[in-house]
Amino acid sequence: MAKVQVGLVQMSCTSDKQENLNKAIVKIREIAAQGAQVVCLQELFTSLYFCDEENYDNFKLAESIPGPSTDILSKVAAELKVVIIASLFEKRAEGLYHNTTAVLDADGTYLGKYRKMHIPDDPGFYEKFYFTPGDLGYKVFKTKYAKIGVLICWDQWYPEAARITALMGADFLVYPTAIGWATTQDEQTNNEQYNAWQTIQRSHSVANGIPVVSINRVGEEAGVEFWGGSFVSNPFGTVIYQAPHHEETLKVVELDLSKSDSYRTHWPFLRDRRIDSYSQITKRYIDED
């Protein structure tokens with residue numbers, strides 16, 4: 001399809017997993033009624049962002065994928081004829097967990113999952129305690145409405161991930177996210193961090209000639225104010241929608257996928273890639289001899 005209506009669901013969460021799932025379903029219904037064909041939910045939307053601490057009890061939040069949440073969301077997707085991008089805490093096996101996004105097609109079909117490849121470990125974001133790095137590689141999902149490339153949060157900072165996913169034929173990139181400011185931080189630092197976060201993702205639009213859809217949560221949790229600011233950028237990196245920082249928001253944004261050919265033709269970065277010269281990119285660091 002040349003044009004696709006993408007719905008962004010930016011919301012706050014509680015400690016009650018079922019309550020969060022129910023809330024997300026209500027919002028999926030609301031945004032589908034507004035015309036959304038693809039509905040994007042934020043990272044780990046069925047819980048608070050539990051990675052603010054290293055707590056073994058939090059592993060109880062995990063579930064199999066496919067599993068209970070995807071079974072419910074598949075029925076919603078089929079009923080509303082929408083694609084759902086659902087970020088969940090995956091229990092793969094005893095003692096083996098992933099930060100994973102499932103993709104459900106508009107007929108309710110479970111198309112598969114992407115496991116987060118880049119795992120951070122910072123104060124308040126202790127994800128390495130919980131998540132094993134993804135081992136499924138980068139993924140593009142052929143849905144009813146578009147070929148969607150899914151990456152997750154910390155993946156946002158890596159142009160390599162965006163490039164590979166774009167080269168696999170993604171019509172646009174989706175980043176479910178959970179990121180915020182320390183409540184003790186000054187406003188200048190807050191602004192710099194948000195601008196860096198948005199700029200790096202807009203650069204993926206420019207470099208690859210495709211839109212980027214980034215969905216973040218809102219609300220204060222354990223000393224972090226999640227900054228919302230979900231946004232969509234076009235293939236030139238222009239922000240065509242940005243959500244507020246402190247409010248729950250539903251927004252449907254139209255993506256004209258036919259424009260990517262024009263952007264890529266006029267700025268032919270893919271044509272001019274020197275793939276014969278990039279072997280060193282697989283090194284951790286290029287040391288001097």
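Cys 13 is buried in this predicted model, its relative accessible area being 10%. A disulfide is a covalent bond between the sulfur atoms of two cysteines. Cys 13 has no such partner, because the closest cysteine sulfur, which belongs to Cys 51, lies 13 Å from its own sulfur and is too far for a bond. Cys 51 is likewise in no disulfide, and the cysteine sulfur nearest to that of Cys 51, found in Cys 153, is 9.7 Å away. With the cut-off for a disulfide set at sulfur atoms within 2.5 Å, the structure as a whole holds zero disulfides.

Burial can be set out for three residues, each of which counts as buried because its relative accessible area is under 20%.

| Residue | Relative accessible area | State |
|---|---|---|
| Cys 13 | 10% | buried |
| Cys 51 | 0% | buried |
| Thr 46 | 7% | buried |

Thr 46, the last residue in the table, is placed in the loop that runs between β2 (38-41) and α2 (68-80). When neighbours within four places in sequence are left aside, the contacts of Thr 46 are Asp 16, Lys 17, Asn 20 and Leu 88.

Another part of the chain is represented by Leu 250, a residue of strand β15, which covers residues 249-256. Although 239 residues separate Leu 250 from Met 11 in sequence, their C-alpha atoms are 8.5 Å apart in space. Not counting residues up to four places away in sequence, Leu 250 touches Leu 8 and Val 9, together with Lys 27, Glu 30, Ile 31 and Gln 34.

Technical notes. Residues numbered from 1 in each chain as written. Predicted model: local features only at pLDDT ≥ 70, side-chain atom pairs only at ≥ 80, totals over all residues. Heavy atoms only, no water. Helix = DSSP H or I, 4+ residues; strand = E, 2+ residues; numbered from the N terminus. Contact = heavy atoms within 4.5 Å. Buried < 20%, exposed > 50% of the residue type's maximum accessible area, 1.4 Å probe, protein only.
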